[in-house]
Amino acid sequence: MPGAAPSPPGPVPGFPSPGTADPADPMAWLAALAAGSGGNDGRHGRWGEPGDRLRHVRQIPERIAETAPLPPWVTPTLAGALQAGGLAALWSHQAQTADLAHAGEHVVVSTGTASGKSLGFLLPVLSDLIDGAAAPTGRGATGLYLAPTKALARDQLDRINRLALPGLRAAAYDGDAEPQERRWVREHAAYVLTNPDLLHHTLLPGHQHWAPFLRALRYVVVDECHVYRGVFGAHVALVLRRLRRVAARYRSTPTFVLASATVADPAAHAQRLIGMPVRPVTRDGSPRAAVTIGLWEPAARPSAAAEPGVGHPRRSAVAETADLLADLVGQGVQTVAFARSRVGVETVAAAARRRLADRGWPGGAIAAYRGGYLPEERRALEQQLRSGQLRGLAATNALELGIDVSGLDAVVLAGWPGTVSSFWQQVGRGGRAGRESLAVLVAADDPLDSYLVAHPEAIFERPVEASVIDPTNPHIVGPHLACAAAELPITPAELDGELFGPEARGLLDDLVATGVLRRRPAGWYWAHPQRATELVSLRGIGRTVQIVERSSGRVVGHVDDARADAVVHEGSVHVHQGQSFVVTEFDRDQGCALVVAGDPGWSTQARSASTFRLGRMLAERIAGPLKVAFGQVTVDQQVVSYLRRLPDGEVIGEHPLDSPVRTLTTTGVWWTLPEAELATAGVGAADLPGALHAAEHAAIGMLPLIATADRWDIGGVSTALHPDTGLPTVLVYDGVAGGAGFAQRGYAAIADWLGATRDVIAGCGCVAGCPSCVHSPKCGNGNSPLDKAGAIAVLGLVLGLLGPLVCDAPM
């Protein structure tokens, strides 16, 4: 928010003072990295010159502030506290958001990282709560704040507590709170900060205990709402509809205020979340210092065992990021490095510490930050980063969210974060104290990253994506209808609106048929002995599997049941706080994985195999012999093996696994061509399996360019003869039950999607295929057969036919 900037972090013994390299010139830091200032080691000189890896540099100019005065309706107590803290004026978007919310309009503010969105909703919320607390009778107005993570909610509470507002009772209500603390929050707190999980599992099912709070509910704040996309977003949308329904029971109609990173059409996304029209605020009035962004591609890793003509895999983005993190910290540049997985975070931190230790510098100045840590571990790391005690941090997107961490000089991204919105969100972690900053995107060895570093315009000149969310997905609506009926019986009148979508009545009938609900003249009632919310996991993860140290019985972590086959199978390596553990036994029935401490010197990565059945087509396009379809598919998946990888990414072994088959009903996009037509393009019968397989791999890797998807949330299959089509077929599907809209967006933008796919394959310098174009890290067939030239020919044929579409009709 406007006001005095926080003091920069202090020096750490053994290191240069922060910014000693050149505190005002991120280009100098980037030039030092490109010149290989770290010395002639494994990164600098062994696999190519560092300067060759810096593919593009873009400088984003500073943005000038647009200010507005504090609204006159802000309660004097709050205005005084803000002015005492150095607030001179508001940014324009803060004032616009506050005025709309204060007037009772649902509003979403969608501006950049560190733009002070929080103050926009805190002004009306805290003003009304403070004024209500002064009322002679009754509880006064209340407000509910929802964050996607506990850490973010706790950070918001810290900000409010620092204002020291007399009479305001604000408290966090999460899994870390003790039972007595929870009781006090229910009975006394005016502003409750929690998350959708607690709302779903505790507040809504026990709404009778929250009656005074709900009766006075005036505001609901949904922070970082761009996170709520895909399946998680659909679940949260249904939870918010259930909240509206329960609040109405207590004659409460709260104003919803949503805050988001920059996304396409934030009003539409917010409306899908809450089910009501929302006013958008999108013009960012905050100032922003200039940012220097470098696109960095690791060099190829030569191998004597490589097959002739097959491209060498590049050094992993994780290993390269660890070196860049250590080198920046060594220059006195406080840096955060983002990795996409928990294991990646631990690996980056450990490798960066080793690199510093080799130079005689204290490795303790670098730490890891990810989900799964104990609350006290997370908060200690956040405080050490703010104070400057930590000079470097490896983090998942838990830190990408709006936690108020100031003073960061540089950001390194280990691989494309999945969306343009997430890219700018992570880049925005730098320069928070008004200083210029540096960001470096390190390309992972996959098609999308290779495409982006070769086509910078796809990052810098492309608008942010629209968030994909489908709150009418019957696989999600059905269980939430059961939860809603357990909270309050569902009446026929409620089905006339848009609260639960057009298929609600049919889903209620299904729930009655299975004995979950009971139908009565007045409506539908809960009839099952199980607790309703146990039927629904908001994050689509099912039950939790505990990771337990065999010798001591200590719980060292946990993993979602849906991921357990791939993450805690026997032989897998689990990393927690820099310490490695090897899984010796996995009991699926008991939900427990036993581990022993020890670092074997490698990491593990699971592989899976799938079979598919095509279902009902929902849309179809025909262009001569080409047919492109979107519809329902059934997928049988099984984890079949795991790889052992050295820290530099080299595979040193593959081992079979015997895991159960899991069945998934979802949606997908597929296209077919007659074998004779493919032969005219030079792809004969013998080449067809490899050509289709390579095209499928690259298409999976490139779909996140079109949809807000993660490559690991997308699956695919290709076959020279599919039994359901009788033709050569390529299928790409959503990896979640009922679909998440990813394949549907691919179908809608099929030409752009497959055009970029062809370009990345054709533009790759390898001869016969590599991880940067057609190899897949999760291929159940060991990336065989693959035909790079054949894939280019197949995709060229498809793109040539896509022009004269003769049919584009829903089925």
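Let's start with a term: two residues are in contact when heavy atoms of theirs lie within 4.5 Å. This is a predicted model, where local features need pLDDT of at least 70, side-chain atom pairs count only at pLDDT 80 or more, and totals for chains, interfaces and linings use all residues. Residues are numbered from 1 along each chain as its sequence is written, and side-chain values use heavy atoms, with hydrogens and water left out.

**Exercise 1. Get an overview of the protein.**

Step 1: Take the contacts between residues at least 6 apart in sequence; 74% of these join residues at least 24 apart.

Step 2: Look at the secondary structure, where the protein has 24 helices and 30 strands. Helices (H or I, at least four residues) and strands (E, at least two) are DSSP runs, numbered from the N terminus.

Step 3: Check burial. Buried means under 20% relative accessible area, exposed over 50%, and partly exposed in between (1.4 Å probe, protein chains only). Of the 811 residues, 57% count as buried.

**Exercise 2. Work out the strand order of the seven-stranded open sheet.**

Step 1: Strands pair if DSSP finds at least two bridges between them. The order is β6-β7-β5-β8-β9-β4-β10, and the pairing is parallel.

Step 2: Find the edges. β6 (170-172) and β10 (279-281) each have a single partner strand, so one side of each has no neighbour in the sheet.

Step 3: Zoom in on one pair. β8 (residues 217-222) and β9 (residues 255-260) run parallel and share four bridges. Here valine 221 stands opposite valine 257 in β9.

**Exercise 3. Decide whether threonine 75 is buried or exposed.**

Step 1: Locate threonine 75 in the loop between β2 (67-68) and α2 (76-84).

Step 2: Its relative accessibility is 5%, so threonine 75 counts as buried.

Step 3: List its contacts, leaving out residues up to four places away in sequence: Ser127, Ile130 and Asp131.

**Exercise 4. Explore the largest nonpolar core.**

Step 1: Such a core is a set of buried Ala, Val, Leu, Ile, Met, Phe, Trp, Tyr and Cys residues joined through side-chain atoms within 4.5 Å. This one has 105 residues, and those touching the most other members are Ile293, Phe423, Leu481, Trp671, Trp753 and Leu754.

Step 2: Helix α21 (residues 688-702) gives the most to this core, with nine residues.

Step 3: Another core lies apart from it; that one has 42 residues, including Leu146 and Val192.

**Exercise 5. Sort the ring pairs around tryptophan 424.**

Step 1: Rings of Phe, Tyr and Trp (its six-membered ring) pair if their centres lie within 6.5 Å; planes under 30 degrees apart count as stacked, over 60 as edge-to-face and the rest as tilted. This gives 12 aromatic pairs.

Step 2: Tryptophan 416 and phenylalanine 423 are stacked, at 5.4 Å centre to centre with 25 degrees between the planes. Both tryptophan 416 and phenylalanine 423 are buried.

Step 3: Tryptophan 424 and phenylalanine 460 have centres 6.2 Å apart and planes at 65 degrees, so that pair is edge-to-face. Tryptophan 424 sits in helix α14 (residues 420-427) and phenylalanine 460 in helix α16 (residues 457-460), 36 residues apart.

Step 4: Compare burial: tryptophan 424 is partly exposed at 28%, while phenylalanine 460, at 14%, counts as buried.

Step 5: Put the rings together: ring pairs link Trp416, Phe423, Trp424 and Phe460 into a cluster.
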